[in-house]
Amino acid sequence: MFTHTHYDHFNPDDLFSRVEGYAHGIDKPLTIYGNDAVIGRSIAALGQYAGDRFEFQLLRPFQAISLGDRVVTPLLANHDRTETCMLFYIEKDGKRLFYGNDTGWLHEDTWNWLKGKVIDLAILDCTHGYTHNNRNPNHMGIETVLEVQRVLQEEGNLSKNGQIFVTHFTHNSGLLHEDFERIFEPAGIKVAYDGLVIHI
Ligand SMILES: Nc1ccn([C@@H]2O[C@H](COP(=O)(O)O)[C@@H](O)[C@H]2O)c(=O)n1
């Protein structure tokens with residue numbers, strides 16, 4: 001399931017290693033979920049070799065789909081005006097995950113959709129460090145993350161033990177992992193790292 005087609009999230013040429021004759025022992029297709037750009041570029045990368053090794057499912061903003069025991073609702077990101085970039089609200093076993101990356105200050109339609117929804121774990125974009133803007137577009141920074149937390153709390157979106165983790169940092173902020181930990185610790189926001197597993 002893809003949020004958008006930027007190079008750091010989507011490399012459709014990798015799909016080729018699953019085609020007939022290259023990969024073996026495959027008895028069911030891999031479903032690619034995403035916006036029209038994701039689906040179009042996946043099909044273009046595979047060409048005639050897609051065979052029965054792949055299926056494609058177009059995601060539309062705010063139209064929930066069932067995936068086994070999960071319900072996934074794609075939400076609109078505020079990231080790239082040339083593409084329908086998406087975030088995800090995922091419900092499973094009574095737990096609710098908000099995958100909020102890549103995005104700047106949340107899209108108005110997403111804020112509206114979130115009204116009345118509960119979140120047990122929010123994963124938020126914190127590409128930037130300090131931006132002196134608490135409504136940063138395209139990507140969030142520290143002030144925007146804190147402002148999103150404030151609104152989520154004000155709206156009652158976070159469950160009793162609801163957690164926020166930040167991720168997707170650029171080295172250009174000049175901040176290290178421990179700097180982000182120190183900055184976000186007073187707000188109770190945790191800082192993600194490669195290989196992190198969170199149980200909710
Ligand atoms: N000021 C920035 C902004 C982003 N990056 C890194 O570039 C990658 C792609 O960014 P997108 O805006 O296309 O999502 C991403 O991995 C960022 O960390 C950067 O280094 N400096």
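Leaving aside neighbours within four places in sequence, Val 166 is in contact with Leu 124, Cys 126, Val 145, Phe 180, Phe 184, Ile 189, Val 191 and Ala 192, where contact requires that two C-beta atoms, placed from the backbone, lie within 7 Å. The model is a predicted one, in which local features need pLDDT of at least 70 and side-chain atom pairs count only at pLDDT 80 or more, whereas totals for chains, interfaces and linings use all residues. Residues are numbered from 1 along each chain as its sequence is written.

Val 166 also belongs to the largest nonpolar core, which holds 29 residues, and Val 166 is listed with Met 86, Ala 122, Leu 124, Cys 126 and Val 145 as touching the most other members. Such a core is a set of buried Ala, Val, Leu, Ile, Met, Phe, Trp, Tyr and Cys residues joined through C-beta atoms within 7 Å; a residue is buried if 20 or more other C-beta atoms lie within 10 Å of its own, exposed if 12 or fewer, and partly exposed in between, with C-beta atoms placed from the backbone. At least two residues of this core are supplied by each of strand 5 (86-92), strand 6, strand 7, helix 3, strand 8 (158-167) and helix 4 (177-184), and the largest share, five residues, comes from strand 7. Helices (H or I, at least four residues) and strands (E, at least two) are DSSP runs, numbered from the N terminus.

Strand 7 is mostly covered, six of its seven residues being buried. Ala 122, which is placed in strand 7, counts as buried because 24 C-beta neighbours lie inside 10 Å. Not counting residues up to four places away in sequence, Ala 122 touches Phe 98, Gly 100, Leu 152 and Ile 164. By contrast, the C-alpha atoms of Ala 122 and Leu 76 are 15 Å apart in space, with these positions 46 residues apart in sequence numbering.

The sheet itself is open and is formed by seven strands in the order 3-4-5-6-7-8-9, with mixed pairing; two strands are taken to pair if DSSP finds at least two bridges between them. Strand 3 (65-67) and strand 9 (190-191) stand at the edges, each with a single partner strand, so one side of each is left without a neighbour in the sheet. Strand 4 (residues 70-76) and strand 5 run antiparallel and are joined by seven bridges, and Thr 73 stands opposite Tyr 89 of strand 5.

Strand 6 and strand 7 pair in the parallel sense over four bridges, with Leu 97 having Leu 121 in strand 7 as its bridge partner. From strand 6 the chain crosses through helix 2 to strand 7 in a right-handed β-α-β crossover, a handedness assigned if, with the strands pointing away from the viewer, the path from the first strand over the helix to the second runs clockwise. Strand 7 and strand 8 likewise run parallel, joined by six bridges, and the bridge partner of Ile 123 in strand 8 is Phe 165. The passage of the chain from strand 7 through helix 3 to strand 8 is again a right-handed β-α-β crossover.

The residues around the ligand are His 6, Asp 8, Asp 102, Thr 127, His 139, Thr 170 and Asn 172, the criterion being a C-beta atom, placed from the backbone, within 6 Å of the molecule. This shell divides into no nonpolar, five polar and two charged residues, where Ala, Val, Leu, Ile, Met, Phe, Trp, Tyr, Cys and Pro count as nonpolar, Asp, Glu, Lys and Arg as charged, and the others, Gly among them, as polar. Asp 102 lies in the loop between strand 6 (95-100) and helix 2, and the peptide bond leading to Asp 102 from Asn 101 is cis, with omega near 0°.

Backbone angles are also notable in the loop between strand 7 (119-125) and helix 3 (142-154), where His 132 is placed. Phi of His 132 is near 60°, a positive value in a residue other than glycine, and His 132 counts as exposed because 8 C-beta neighbours lie inside 10 Å. Asn 138, which lies in the loop between strand 7 and helix 3, has a positive phi of about 70° although it is not a glycine; with 17 C-beta neighbours inside 10 Å, Asn 138 counts as partly exposed. Trp 111, placed in helix 2 (residues 108-114), also counts as partly exposed, with 17 C-beta neighbours inside 10 Å.
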